[in-house]
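Colleague: I've just opened this one and I'm new to it. Can you walk me through?

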Amino acid sequence: QTLVDLTVQEFAGGYQDRSGQKSERYMGWLLKDLEEMPDDPRTIYYLGHANLDMIGPNAARDVQTNGPGAKHVHEALRYFKWRASLRWGYHEERWFAMLKAGEICESG
């Protein structure tokens, strides 16, 4: 067995970012990608996921009371429905977008 002496450096803004701003930063990058590549199925799919990550623990209540997560619930549904309507790209993403859109509608 070979052991490797490996040092991992974690930089601010990386995968393990714990600043609380990671989802907002990813959303900004994805929205910029969508401007440059309209109707890109991968970007639309990941915008749905980015909004899901920002919903918070009380999604149904937020939608009923127009709370802080309501915007992200509506946006996640919009992006997942959009992705499901696109017949090109990865079929697994299309299927999962349909599943997530159904789950959002069922919970609200």
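Modeller: Sure, let's go from the overall fold to the core, the salt bridges and the surface. Keep in mind that this is a predicted model.

Colleague: Okay, how many helices and strands are there in the chain?

Modeller: Five helices and zero strands. Reading along the sequence, you get the pattern α-α-α-α-α.

Colleague: And what percentage of the 108 residues count as buried?

Modeller: That's 32%. As for the outside, the chain exposes about 7,800 Å², and 54% of that is supplied by carbon and sulfur atoms.

Colleague: Which residues make up the largest nonpolar core?

Modeller: There are 10 of them: Y45, I55, V73, A76, L77, F80, A84, A97, A101 and I104. Two elements, α4 and α5, give two or more residues to this core. The largest share, five residues, comes from α4.

Colleague: Is there another core apart from that, and what is in it?

Modeller: Another core lies apart from it, with nine residues, among them M27, L30, I44 and L86. As a general point, nonpolar side chains tend to be buried together in soluble globular proteins.

Colleague: Back to the largest core. What does I104 touch?

Modeller: Leaving out residues up to four places away in sequence, I104 touches L52, V73, A76, L77 and F80.

Colleague: Tell me about α4, then. How many residues has it, and how far does it reach?

Modeller: Helix α4 covers residues 70-85, which is 16 residues. From its first C-alpha to its last it reaches 23 Å, close to the 22 Å expected at 1.5 Å a residue.

Colleague: Which of its residues are buried, and what do they pack against?

Modeller: The buried ones in α4 are A70, H72, V73, A76, L77, Y79, F80, R83 and A84. They pack against α1, α2, α3 and α5.

Colleague: Hang on, there's an arginine in that list. What does R83 form a salt bridge with?

Modeller: With E93; their closest N and O atoms are 3.9 Å apart. The pair links distant parts of the chain, as E93 is in helix α5 and R83 in helix α4, 10 residues apart.

Colleague: Why does R83 count as buried? And E93, buried or exposed?

Modeller: R83 counts as buried because its relative accessibility is 0%. E93 is at 7%, so E93 counts as buried too. R42 also comes in here: R42, R83 and E93 are linked in a network of salt bridges.

Colleague: How many salt bridges does the structure hold?

Modeller: Five. One of them joins E75 and R78, with the closest N and O atoms 3.0 Å apart. Both E75 and R78 lie in helix α4, three residues apart, about one turn of the helix. E75 is partly exposed at 21% relative accessibility, and R78 is partly exposed at 40%.

Colleague: What about E103, which residue does it form a salt bridge with?

Modeller: K100, with the closest N and O atoms 2.9 Å apart. E103 and K100 both lie in helix α5, three residues apart. E103 is partly exposed at 36% relative accessibility, whereas K100 is at 18% and counts as buried.

Colleague: Last topic, the surface. Which residues make the nonpolar patch of about 370 Å²?

Modeller: V4, L6 and V8. L6 sits in the segment before α1, and L6 counts as exposed because its relative accessibility is 65%.

Terms used
Residues numbered from 1 in each chain as written. Predicted model: local features only at pLDDT ≥ 70, side-chain atom pairs only at ≥ 80, totals over all residues. Heavy atoms only, no water. Patch = residues over 30% accessible without salt bridge, like charges linked within 9 Å, V, L, I, M, F, W, Y side chains within 5 Å. Areas by Shrake-Rupley, 256 points an atom, 1.4 Å probe, with all protein chains shown as cover. Salt bridge = Lys/Arg side-chain N within 4 Å of Asp/Glu carboxyl O. Helix = DSSP H or I, 4+ residues; strand = E, 2+ residues; numbered from the N terminus. Buried < 20%, exposed > 50% of the residue type's maximum accessible area, 1.4 Å probe, protein only. Expected span 1.5 Å × (residues − 1). Contact = heavy atoms within 4.5 Å. Core = buried A, V, L, I, M, F, W, Y, C linked by side-chain atoms within 4.5 Å.
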